[in-house]
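Here is a small set of exercises to work through with the model open beside you. Try each task before you read its solution.

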Amino acid sequence: MRPIRLDAVTPEEIRAARLYNPGAFGLSPSRRTLVGCGLAAALAMLVWLHMAYGLTPARLLSPDPRAGLLLANFFDWSNFANFAHADIFRSLGETVAMAFIGTSLAALVALPLAFLAARNVIPAFILRVLTKRLFDVARGIDQVIWALIFISAVGLGPLAGILAIFISDMGTFGKLFAEAIENTEKGPVEGLQSVGASPVTVQRYALLPQVLPVYVSQALYFFESNTRSATVLGLVGAGGIGFELISRWQVMRFDEVAYIILLILITVGLLDQISRMVRERLIGSVHT
């Protein structure tokens, strides 16, 4: 290819090239000024927010003396033998059970509802919209709000936490599964339809195998995530380890608080590893 001499390019050719591909010539001076003003305004807003909420270098470099005392109490485990180990481990198991039951129920209920919300399965527009709005309502309200609602309905305890996880995750699962169904390949569906298969058979053998890896992966991930969420639900009275955590915080037993936090971290880490191994085995078996 013959190289182009820059001194041989006329101004008319440059103007034509600029009109044809303006991005190759960079931003115009007016656009650069506009972008610079926008970045300066964003930076000024960020600095103002830091100052308004006290996130200043002086505040960070001179922490409150109570912070050091709190940390010292966190790691003073001289009374470790007298910790309420039985109650703590029972509540920790309750938290894992809440997450498992709530996630399992949500996944089981959301899967058939997701087929009702999928555009390539249900042609009826009204039914799809109503199902999707149901998902929006369920996932649009935070789990803690659902927990407070169910505490008022069924009382304190793990049942309120299970129902809160179930309702919230059902909406999220439904949205994710419906989108996965809508993004499936059309080939297997058209192949079964061409031989006269019923709609149920098409969904069972053409759509479900394609969305099953997403289904399993999301369910396992949410189980691990809901173990952390169930801890927060316990803070408002929905059972689990969160109740033990807040009760000890209120009486300033910070050594036991640190112990509970450590157990939560270990449990979440173990569940993450277990769910990863299960996910790899199940998804691998689905693809083979």
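**Exercise 1. Find the overall build: how many helices and strands does the protein have?**

Solution. Count first: the protein has 12 helices and zero strands, where helices (H or I, at least four residues) and strands (E, at least two) are DSSP runs numbered from the N terminus. Before going further, note that this is a predicted model, in which local features need pLDDT of at least 70 and side-chain atom pairs count only at pLDDT 80 or more, while totals for chains, interfaces and linings use all residues. Residues are numbered from 1 along each chain as its sequence is written, and side-chain values use heavy atoms, with hydrogens and water left out.

Next, look at burial. Of the 288 residues, 32% are buried; buried means under 20% relative accessible area, exposed over 50%, and partly exposed in between (1.4 Å probe, protein chains only). Then take contacts, meaning heavy atoms within 4.5 Å. Among those between residues at least 6 apart in sequence, 74% join residues at least 24 apart.

**Exercise 2. Work out which residues of the largest nonpolar core touch the most other members.**

Solution. Start with the term: a nonpolar core is a set of buried Ala, Val, Leu, Ile, Met, Phe, Trp, Tyr and Cys residues joined through side-chain atoms within 4.5 Å. The largest one holds 42 residues, and V121, F173, F177 and I181 touch the most other members. Two or more residues each come from α5 (85–117), α6 (125–140), α7 (143–154), α8 and α10. The top contributor is α8, with 12 residues.

Now zoom in on F173. Setting aside neighbours within four places in sequence, F173 contacts T103, A106, A107, A110, Q218, A219 and F222. A second, separate core has 14 residues, including F83, I88, V257 and V268.

**Exercise 3. Compare I165 with M252: is each buried or exposed?**

Solution. I165 lies in helix α8 and counts as buried because its relative accessibility is 0%. Beyond four places in sequence, I165 touches M98, A99, G102, T103, Q143, M170, N226, A230 and L233.

M252, in the loop between α11 (241–250) and α12 (254–287), is exposed, with a relative accessible area of 61%. Check its backbone too: phi of M252 is near 60 degrees, a positive value in a residue other than glycine.

**Exercise 4. Describe the largest pocket: which residues lie nearest its centre?**

Solution. On a 1 Å grid over the protein atoms alone, a pocket is an open set of points where a 1.4 Å probe fits, with protein on both sides within 12 Å along at least five of seven lines; lining residues have an atom within 4 Å of a point. The largest pocket has about 270 Å³ of space, volume being the space filled by probe spheres set on the points.

Its lining has 16 residues, and N120, V121, V189, Q193 and L207 lie nearest the centre. At least two lining residues come from each of α9 (186–194) and α10 (199–235).

**Exercise 5. Place T184: what does its side chain reach at 2.7 Å?**

Solution. First locate T184 in the loop between α8 (158–182) and α9. T184 counts as buried because its relative accessibility is 11%. Its side chain reaches the backbone oxygen of I181 at 2.7 Å. Leaving out residues up to four places away in sequence, T184 touches N120, L207, Q210 and V211.

Note on methods: Polar contact = N/O pair within 3.5 Å; in protein donor to acceptor, adjacent residues only side chain to side chain.
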